[in-house]
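Let's take a walk through this one together, a piece at a time. Have the sequence and the model open side by side as you read.

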Amino acid sequence: MIIIKSPREIELMKKAGRIVALCFEELEKSIRPGLSTLDVANICEKIIRENGAYPTFLNYSGYPGAVCVSVNDELVHGIPSAKRILHDGDIVSVDVGATLNGYVGDACRTYPVGICTEKALRLIKVTEESFWEGMKYAKPGNHLGDISHAIQMYCESNGYSLPREYTGHGVGTHLHEDPYIPNYGASGTGPVLKEGMCLAVEPMVNEGHFTLRVMKDGWTAKTRDGKLSCHYENSIVITKDGYEILTKV
Ligand code: MF3
Ligand code: CO
């Protein structure tokens, strides 16, 4: 069942989303070679807690980190570690959840570390652009599959692939609510979008083949072929005539 949020709840979603966006403002200034992935997570956790929120992912289904920090061929759910140091030329995805007054904001950005190859920068750019391609269809009356399809077409036409195991999702008082939102699919399928639906839309994009494997830590998902992967996410709300980003400052 897809939960429609009231205007009061949407205000609360925006307050949680703002804290997530504050983390990205800080990360943009601080990501650099030499930081560990734990340093990156600590920067976020500090901002989340200083703003009276809780890091949503911590202990979620037993996840051990405050946020997810995934490097290069790691697609999602990288566990922050003091031993994992960021190097010049890496790309790093930071997936942040903040729960404030019971409502969740969820978003992700991928950053270049130092000087990156054109190839890596293009993957980051196309992944973000595919989110905005999806947003062209985020309005009442359209189908959820229209968003999924737009993301898939844009990424595939740029030579990339979309992993099947992870999807976007509804978001609200829970991190994961109905509906699930694949990054591939057919237009005109799936639920019809309605005002007040809150959705976390999150293109996860591989440079090579879409197949993944999960590491022994039980969380970190990597590309099977060792090529790069990238992630971009915002929580949004469907409005009367379109959508609004919830995870913004
Ligand atoms: N943005 C991811 C998601 O929506 C983050 C979840 S990490 C977890 O699934 F540890 F909380 F699972
Ligand atoms: Co999410």
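A quick bit of vocabulary to start: a crossing of two helices is called right-handed if the near helix is turned clockwise from the far one by less than a right angle, and left-handed if it is turned anticlockwise. Keep in mind, too, that this is a predicted model.

Now try that on the helices α1 (residues 7–30) and α2 (residues 37–50). Their crossing is right-handed. The two axes come within 9 Å and cross at roughly 140°. Angles over 145 degrees would count as roughly antiparallel, and α1 and α2 are therefore oblique to each other. Which residues of α1 and α2 meet? From α1 you have I19, L22, C23, E26, L27 and S30, and on the α2 side V40, I43, C44, I47 and I48.

Further along the chain there's another helix pair to look at. Helix α3 (residues 118–135) and helix α4 (residues 144–157) have axes that come within 8 Å and cross at roughly 145°. This crossing is right-handed as well. Here V126, E129, S130, E133 and G134 in α3 meet I147, A150, I151, Y154 and C155 in α4.

Next, the metal. What coordinates the cobalt ion (ligand 2)? Four residues do the job: D106 through OD, H169 through NE2, and E202 and E233 through OE, at 2.0 to 2.2 Å. Along the chain, these donors are spaced as D-x62-H-x32-E-x30-E. Two of them, H169 and E233, sit 64 residues apart and link distant parts of the chain. H169 belongs to strand β6 (residues 168–170), while E233 lies in the loop between β12 (229–231) and β13 (234–238). Are they buried or exposed? H169 is buried, because its relative accessible area is 4%, and E233 counts as buried too, at 0%.

As for geometry, the ideal angles for six octahedral donors are 90 or 180 degrees. The cobalt ion (ligand 2) has six donor atoms with angles of 64 to 166° among them, and its site is irregular.

One last stop is E195, in the loop between β7 (177–181) and β8 (198–201). With a relative accessible area of 48%, E195 is partly exposed. Leaving aside residues up to four places away in sequence, E195 touches I4, P140, I238, T239 and K240. Take P140 from that list: P140 and E195 are 55 residues apart along the chain, yet their C-alpha atoms are separated by 6.0 Å.

How values were computed:
Residues numbered from 1 in each chain as written. Chains lettered and ligands numbered in written order. Predicted model: local features only at pLDDT ≥ 70, side-chain atom pairs only at ≥ 80, totals over all residues. Heavy atoms only, no water. Donors = N, O, S within 2.8 Å, 3.2 Å for Na, K, Ca; no water. Tetrahedral: all angles 85-135°; square planar, octahedral: opposite > 155°, others 65-115°. Helix = DSSP H or I, 4+ residues; strand = E, 2+ residues; numbered from the N terminus. Buried < 20%, exposed > 50% of the residue type's maximum accessible area, 1.4 Å probe, protein only. Axes fitted to C-alpha atoms, helices over the stretch in contact; angles between N-to-C directions. Parallel < 35°, antiparallel > 145°, perpendicular 65-115°, else oblique. Contact = heavy atoms within 4.5 Å.
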